[in-house]
Amino acid sequence: MPNLCSCLVRSPVHIHRRHLLLSSPTSCCSRLFHYSQRTALAVAGLGVLWFADKQLNASAVARNIRTLWTCTFVSLDYKLNFQPEKAHQIPQLHERVADRIYNLLTSNGGLYIKLGQAIGANAALMPRPMQDRFSRLFDDAPQIPYSSVLSVFRSEFGRLPVGPDGVFAEFEERAVASASIAQVHRARLKSGEWVAVKIQKPDVSKQVEWDLGAFRIVMWMFENWFDMPVYFAVDFISSHLRQELDFLQEARNAITTAEFVAKEPRLSGKVHIPKVYTEYSTRRVLTAEWVDGVRLSDRPGIRKLMGEDNSIEPHPLHLPLEGIRLRGGFRTIMQTMVELFSAQMFSWGWVHCDPHPGNIIIRPHPQRQMDPQLVLLDHGLYVKVGEEFRRKYAELWRALLATDWDTVKAITTSWGIGAPDLFASATLMRPVSFRMTTDEDRSGDSENGTMDQYERSLQMKERLRNFLYDTDKMPKELIFLGRNMRIVQGNNQVLGSPVNRIKVTAYWASRSLTTTTNLTFRQRMKEYWRDTSFRIIMFSIDLAFWASKLRQWIRTLLGMASEGFEDELERNMRSFAKRAFGVDVAPGVFSG
C-alpha cells in the first residue's frame, strides 16, 4: 500500500517529466522554425528595402542612416569624453571625430562634399585634426558610365548625344573632368564649334532633399546639444545649393556675369565668361563654349605659360599652347583676379562663390596673343547682395584700413557681431587689434599658454558665442563672401603674392562709394574727398607690401626659403588664432 501511494504521489511528476521528454524536441524544433522564419522574413524585408532604396532612391535613405548613426556616435563620444578629468585625451577625441566626419563625407559623396566644403570654409577655428581632414576634401569623383549619360540625354532631350538624330555632331564618351555632382564631356556642335557639356549625375537629384534634410537635423543637433550658433545658416546654404543643381540657373548666372564684365572697362577683354548655348541646355545638361588654356590649379603649367618657369625639367603644355609665353607674369593674372572679385562684391553685388584654382583658366587673348586672359568657369553658385549691404561692406573695408574703429564697431554691431576685432581680422585676413581691447581680453589671451585642452575648448566656444551674439541680424551673405575672399587670398599666396590684395580690394571698396546711387551732389563730393584721403592713408599698406617683396627677393637671392606678403599675413593670423582662441591653425588653412 505505501508503495502504491508512493507511486500515486510520484506519478504526476513522472507523467510531467515524460511529457516534457516527449514534447521537448518537437517544441524546440517548432520554436526554432518560427525564429528562423521570422529572421529570414526580416532579412528579406530589409534586403527588399535596401534594393528599392538603391535602385529607386539612389541609396538616399541608407546615406541618411549612415549620417545620423555617425553624428550620434560623435555626440556620444563628446558627451562621455569631453570632461575636465580627461583633458589630456581631448586631442585623441578630436582625431576620432575628424576621421568619422571625413569618412562620412567621402563615403556619401555628392552633395555631402559641397556641404563639407561650405563648413570647411570656416575650418580655421576648428580643432587641428578637423582642419587637416577638410583640407583634403576635394570635389572630385569617379565618372558615371556612358550608359547613364545616355539615359540623361534621353530624359532631357528625348534623343541621344550623337547619331542620325543626335544632339551633337561629335561627343566624346570619356569625361574630361568629373566632380561630385556633375561631369564634363567634350563635344562638337553640328555648326562646327567645340563645346563643353556638363551633365548632372542621375543620383544627385534623388538624393538632394534627403541630404539637405540630414544637414538640417545635424545642424539642429549641434546647436541644441552643444550650444553652438550654427543652425541660422541652414536655410541660406540649402537654398543656394539647390540653385547650384539647376543648370538653367547656372546658364543665366553666366550670362549675367558676362554682361557685367562687358560693361566694366577695367575688366572687359581681360576676363572672359564662356558663351552658353541655351538651346542645348536643360536643368541637368549645360552646354558652353570650349576653352583651351591652363587651369590655375596646374601650377607648373601656369609658370611655363607666364614665362616664370625656372625649373630644369620642362613642363609640357597641350599642343595649342606649346611654345607660347604670355607677358605680364603672375602680377597681371592676380591683379585681374582681385579686381574681378572686388567688382563683384562692391560694384555689382553679384558674387561668384567658388573661385578655386580649378575654376579659373588662363589663356592667350584671342586678339592680343601675348596678353593673358582670365576665363572664369562654373557659375552655379552665386550670391546676390543688396545695395545697403554693399554700401556697408565697402564702408567697413575703408574704415578697417583707415583705423576708424568707431565705424567698424557700429557696422559689426548692426550685423549682430559682438567681437569687431575678430571680425576685422577675418575680413582682412590679418590680425587687427582695436584700442578698445580690454585688459580682461589681453589677460585671457596670455592665459592660453597655461590652459589645458578642455579649458581652451570651452574658451573658444564661449568666444564664438559672443562673436555671433545675434544671428538673426547677421547678413547670411557673409558666409559665402568670406569663402570667396579666402580662396582669392589663397590663389595670390600660391603664386608668391605678386599683388597687394588688401590694397586693391580696399581701393575698389572706397571708389564704389563714390558711385552709390541716390547721392546728392554734396554727398558725392564728400565721398570723392574721402576716397582721395583714403588713398593717401593707404600709402602705409604699400610700404609694408614692398618691404615684404624686398625681403622675399633677398632671401631668394641668398638661396633661402622665401615667403610672400600673404605668407606673412597667414603666419601672423595663425599666431593671432593661437593667442585669441588657443587654436593650433594648420598652415594653408586660411587659403580657403
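**Helix Crossings and a Mixed Sheet**

Guide: In this predicted model, helix α12 (residues 387–401) and helix α14 (residues 420–428) have axes that come within 11 Å and cross at roughly 95°.

Visitor: Why are α12 and α14 called roughly perpendicular to each other?

Guide: Angles of 65 to 115 degrees count as roughly perpendicular. The crossing angle of α12 and α14 is roughly 95°, and the two helices are therefore roughly perpendicular to each other.

Visitor: Which residues in α12 meet which residues in α14?

Guide: From α12, the participants are Tyr-393, Leu-396, Trp-397, Leu-400 and Leu-401, and they meet Phe-423, Ala-424, Thr-427 and Leu-428 of α14. By class, this contact has 8 nonpolar residues, 1 polar residue and no charged residue.

Visitor: What makes α14 mostly covered?

Guide: Of the 9 residues in α14, 8 are buried. They are Pro-420, Asp-421, Leu-422, Phe-423, Ala-424, Ser-425, Thr-427 and Leu-428.

Visitor: How do you know that Leu-422 counts as buried?

Guide: The cut-off for buried is under 20% relative accessible area. Leu-422, which lies in helix α14, has 13% relative accessibility and so counts as buried. Its C-alpha atom is separated by 9.9 Å from that of Leu-464, and the two residues are 42 residues apart along the chain.

Visitor: At what angle do the axes of helix α8 and helix α17 cross?

Guide: The axes of α8 (residues 234–244) and α17 (residues 477–494) cross at roughly 65° and come within 9 Å. In this contact, Phe-236, Ile-237 and His-240 of α8 meet Glu-477, Ile-479 and Phe-480 of α17. The residues involved divide into 4 nonpolar, 1 polar and 1 charged.

Visitor: What makes the pairing of the open sheet mixed?

Guide: The sheet has 4 strands in the order β5-β10-β9-β7, and its pairing is mixed. In general, strands of a sheet pair through backbone hydrogen bonds, in either a parallel or an antiparallel manner. Here β5 and β10 pair in the parallel sense, β9 and β10 run antiparallel, and β7 and β9 pair in the antiparallel sense.

Visitor: Why are β5 and β7 called edge strands?

Guide: β5 (271–272) and β7 (294–295) each pair on one side only, and they are the edge strands of this sheet.

Visitor: How do you know that β5 and β10 pair?

Guide: Two strands pair if there are at least two bridges between them. β5 and β10 are joined over 2 bridges, so they meet that criterion. In one of these pairings, Val-271 has Leu-374 in β10 as its bridge partner.

Visitor: How do you know that β7 and strand β9 pair?

Guide: The number of bridges between β7 and β9 (residues 360–364) is 2, and the criterion of at least two bridges is therefore met. Arg-295 has Ile-361 in β9 as its bridge partner, while Val-294 stands opposite Ile-362.

Visitor: How many bridges join β9 to β10?

Guide: There are 5 bridges joining β9 to β10. Among the partners are Pro-364 with Pro-372 in β10 and Ile-360 with Leu-376 in β10.

Visitor: What makes β9 mostly covered?

Guide: In β9, 5 of its 5 residues are buried. Ile-360, Ile-362 and Pro-364 point one way, whereas Ile-361 and Arg-363 point the other way, and all are buried.

Visitor: Which residues of β10 are buried on one side and which on the other?

Guide: Strand β10 (residues 372–376) also has 5 of its 5 residues buried. On one side are Pro-372, Leu-374 and Leu-376; on the other are Gln-373 and Val-375, and both faces are covered.

Visitor: How many helices and strands has the protein chain?

Guide: The protein chain has 21 helices and 11 strands. Of its 592 residues, 48% are buried. The accessible surface is about 29500 Å², and 58% of it belongs to carbon and sulfur atoms. For contacts between residues at least 6 apart in sequence, 67% join residues at least 24 apart.

Technical notes. Residues are numbered from 1 along each chain as its sequence is written. This is a predicted model: local features need pLDDT of at least 70, side-chain atom pairs count only at pLDDT 80 or more; totals for chains, interfaces and linings use all residues. Side-chain values use heavy atoms; hydrogens and water are left out. Buried means under 20% relative accessible area, exposed over 50%, partly exposed in between (1.4 Å probe, protein chains only). Contact means heavy atoms within 4.5 Å. Accessible areas come from the Shrake-Rupley method with a 1.4 Å probe; for residues, only the protein chains shown count as cover. Axes are lines fitted to C-alpha atoms, for helices over the stretch in contact, and angles run from 0 to 180 degrees between N-to-C directions. Angles under 35 degrees count as roughly parallel, over 145 as roughly antiparallel, 65 to 115 as roughly perpendicular and the rest as oblique. Ala, Val, Leu, Ile, Met, Phe, Trp, Tyr, Cys and Pro count as nonpolar, Asp, Glu, Lys and Arg as charged, and the others, Gly among them, as polar.
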